[in-house]
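User: Here's a chain I'd like to talk through with you. Can we go over what the labels rest on?

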Amino acid sequence: MFFRTVRLILGPFMLLWEKLTTPRGVVRPEAEQQRVEAEARGLALYQFRTCPFCLKVRRELRRLSLPVELRDAQHDPTHRRALGEGGGQVKVPCLRITDAQGRDTWVYESDAIIDYLHQRFGQVAE
């Protein structure tokens, strides 16, 4: 109950902070951005809107200009169930990676997700 109350109070401030500090996305040549967007179609981020680790991953998605589908595992029972059944636990953030053969890989932990995104889509100069 305590953490739910804290989340209710701090949540709007966290979302406002995210909006105000959103980084600019990397600018790629048009053909390269289209390739990245096509590859990103196989990605989905299971998240809670006000989870600080999810905020961290969403910021990196914006920084890398990646249009990854965001799935609310907190309020959407379908996404919550898919996360539990597919990934093995209801823990966020979790990146679902679907390869060309339709096989899914589930990556938990914000740092592991960000490392994967940087390896696959390239580092962004600060």
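**Labels and their cut-offs**

Analyst: Let's start with L8, which sits in helix α1 (residues 2-20). Helices here are DSSP runs of H or I with at least four residues, strands are runs of E with at least two, and numbering goes from the N terminus. The model is predicted, so local features need pLDDT of at least 70 and side-chain atom pairs pLDDT 80 or more, while totals for chains, interfaces and linings use all residues. Residues are numbered from 1 along each chain as its sequence is written, and side-chain values use heavy atoms, with hydrogens and water left out.

User: Why is L8 called exposed?

Analyst: Its relative accessibility is 63%. Exposed means over 50%, buried means under 20%, and partly exposed is in between (1.4 Å probe, protein chains only). L8 is past the upper cut-off, so it counts as exposed. As for F53, it comes 45 residues away from L8 along the chain, and their C-alpha atoms are 17 Å apart.

User: What makes S65 buried, and what is odd about its phi?

Analyst: S65 has a relative accessible area of 19%, which is under 20%, so it is buried. Its phi is near 55°, a positive value in a residue other than glycine. Most residues other than glycine have a negative phi. S65 belongs to the loop between α3 (52-63) and β2 (69-72).

User: And E109, why is that one called partly exposed?

Analyst: E109 comes out at 42% relative accessibility. That lies between the two cut-offs, so E109 is partly exposed. Its phi is positive too, near 80°, and again the residue is not glycine. You'll find E109 in the loop between β4 and α5 (110-121).

User: How do you know that β3 pairs with β1 and with β4?

Analyst: Two strands pair if DSSP finds at least two bridges between them. β1 (residues 43-47) and β3 (residues 94-98) have 4 bridges, so that pair passes. β3 and β4 (residues 104-108) have 5, so they pass as well. Both pairings are antiparallel. L45 has L95 as its bridge partner in β3, while C94 stands opposite Y108 in β4. β3 and β4 make a hairpin with 5 residues between them, and G102 in the turn has a positive phi of about 85°.

User: What makes the bond from V92 to P93 cis?

Analyst: Its omega is near -5°. Most peptide bonds are trans. P93 is in the loop between α4 (77-87) and β3.

User: Zooming out, how are the elements of the chain ordered, and why is the chain called as compact as a globular protein of that length?

Analyst: From the N terminus, the order is α-α-β-α-β-α-β-β-α. The radius of gyration (over C-alpha atoms) is 15 Å. The globule rule, 2.2 Å times the number of residues to the power 0.38, gives 14 Å for 126 residues, and the two values are close, so the chain is as compact as a globular protein of that length. Along the principal axes, the C-alpha trace spans about 50 × 35 × 20 Å.

User: How much of the chain counts as buried, and what share of the contacts comes from residues 24 or more positions apart?

Analyst: 38% of the 126 residues are buried. Among contacts (heavy atoms within 4.5 Å) with a separation of 6 or more, 64% join residues 24 or more positions apart.
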